[in-house]
Amino acid sequence: MTRFLIGRLLGLVAVLFVTSVVVFGTIHLAPGDPVTFLLHGRPATPETVAALRAEHHLDDPLVVQYVTWLGGVLGGDLGRSAQYHQDVTALLGSRLPGTALLVGYAALLVAVLGVGAGILAALRPGFLDKTVLIGTGVATATPSFVTAIALVSLFSVQLGWFPGPGGGAAEGLGPRLHQLTLPAFALALTFAGLLARVTRSAMLDELGREHVEVARARGVAGRAVVRRHVLRNALGPVVTVGGTMLAGLLISTAIVETAFDVPGLGSLLVQSVTSQDFAVVQAVTLLSVAAFVVVNLAVDLLAPLIDPRLSPGEGSS
């Protein structure tokens with residue numbers, strides 16, 4: 001286990017290093033003068049241009065620029081946003097709670113709806129099973145921005161049950177959760193459909209195993225068989241896929257936060273790409289990749305605890 005953990009941590013460092021090189025290189029090798037992007041079309045004197053080039057080390061070789069930037073990142077300095085005129089670290093800190101709450105809310109919906117629908121479909125073959133399969137098929141095939149439009153049209157515009165896009169963040173946990181309900185459902189439905197199908201498949205696989213038939217033949221109650229022998233063994237692949245989906249939820253927030261005007265990391269990334277705010281784009285990309293790798297590591301560590309038949313490393317493979 002120790003060797004595995006050390007190996008995965010080294011892998012995390014390697015992935016982040018490669019990601020930083022790719023992101024930094026892609027942005028700095030893009031066509032155009034970076035000073036033009038920093039000025040956003042505003043006129044500037046030669047002295048101002050020279051000062052900007054010196055401040056951002058643009059006259060240094062690309063390798064030197066990367067090393068300087070990486071040293072700042074390792075020291076907690078992610079640079080300064082050209083669009084918001086503040087430190088990127090502080091900017092991310094102000095946006096992270098909103099995204100974390102949205103992703104947590106959506107993850108809860110994915111777990112409840114996905115696992116619940118999957119178990120129901122596996123235990124009730126026939127009409128109910130087919131209904132769940134059709135519903136999950138529609139959910140997985142519908143893009144989140146289409147779901148967002150439909151939810152706003154029905155529950156915000158027509159019924160008035162939930163607030164629509166805009167209006168700023170509500171004060172207090174209860175009003176904030178109420179405000180994030182539609183974005184959370186829009187973010188969760190596709191992943192819930194996928195998890196429901198995985199849960200159904202895992203449950204059906206366990207229901208057909210020999211030890212389940214033996215338990216039934218011995219007169220063990222149906223609920224006890226499902227709880228002790230079926231659901232417990234089916235949780236392995238469910239947790240594995242669910243953990244990967246958690247990282248996918250974070251990445252997918254860009255679409256949903258933009259659609260609902262939620263002030264989070266996803267909408268910040270979209271705005272920064274549009275305005276060519278490179279420091280913010282680099283920081284959000286690195287943070288997203290780090291979260292994805294850390295979640296996969298957590299899944300690999302948890303999988304053997306849930307299903308002893310798995311060894312460390314089989315969780316996300």
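In the predicted model, Ser 156 touches Leu 151, Phe 162, Pro 163, Gly 164 and Leu 182, leaving aside residues up to four places away in sequence. Ser 156 belongs to helix H7, which spans residues 144-158. Its relative accessibility is 15%, so Ser 156 counts as buried, the cut-off being under 20%. Phe 162 is also a polar partner: the side chain of Ser 156 reaches the backbone oxygen of Phe 162 at 3.2 Å.

Arg 232 presents the opposite case in terms of exposure. This residue sits in helix H10, residues 222-260. Arg 232 counts as exposed because its relative accessibility is 56%, and the cut-off is over 50%. Met 203 lies 29 residues away from Arg 232 along the chain. The C-alpha atoms of Arg 232 and Met 203 are separated by 9.5 Å.

The overall fold is helical. The protein chain holds twelve helices and zero strands. Its pattern along the sequence reads α-α-α-α-α-α-α-α-α-α-α-α. Of the 317 residues in the chain, 38% are buried. Contacts between residues at least 6 apart in sequence were also examined; 71% of them join residues at least 24 apart.

The unreviewed UniProt entry carries the annotation "transmembrane region" for residues 9-30, 102-123, 132-157, 177-196, 234-260 and 280-303. Ser 156 falls in the annotated range 132-157. Two of the annotated ranges were examined in the model. Residues 177-196 are 100% helix and 0% strand. The end C-alpha atoms of that range are 24 Å apart. Residues 234-260 are likewise 100% helix and 0% strand. Here the end C-alpha atoms are 36 Å apart.

The second largest pocket contains about 360 Å³ of space. Its lining consists of 16 residues. Leu 16, Val 73, Leu 78, Leu 286 and Leu 287 lie nearest the pocket centre. Four elements give two or more residues each to this lining: helix H1 (2-28), helix H4 (62-74), helix H5 (88-123) and helix H12 (278-306). By class, 13 of the lining residues are nonpolar and three are polar. No charged residue lines the second largest pocket.

Terms used. Residues are numbered from 1 along each chain as its sequence is written. This is a predicted model: local features need pLDDT of at least 70, side-chain atom pairs count only at pLDDT 80 or more; totals for chains, interfaces and linings use all residues. Side-chain values use heavy atoms; hydrogens and water are left out. On a 1 Å grid over the protein atoms alone, a cavity is a set of points where a 1.4 Å probe fits but cannot get out, and a pocket is an open set with protein on both sides within 12 Å along at least five of seven lines; lining residues have an atom within 4 Å of a point. Grid points are joined across faces, edges and corners, and a volume is the space filled by probe spheres set on the points. Ala, Val, Leu, Ile, Met, Phe, Trp, Tyr, Cys and Pro count as nonpolar, Asp, Glu, Lys and Arg as charged, and the others, Gly among them, as polar. UniProt positions are given in the numbering used here, feature names are shortened, and annotations may be inferred rather than shown by experiment. Buried means under 20% relative accessible area, exposed over 50%, partly exposed in between (1.4 Å probe, protein chains only). A polar contact is a pair of N or O atoms within 3.5 Å; within protein, one must be able to donate a hydrogen and the other to accept it, and residues adjacent in sequence count only if both atoms are side-chain atoms. Contact means heavy atoms within 4.5 Å.
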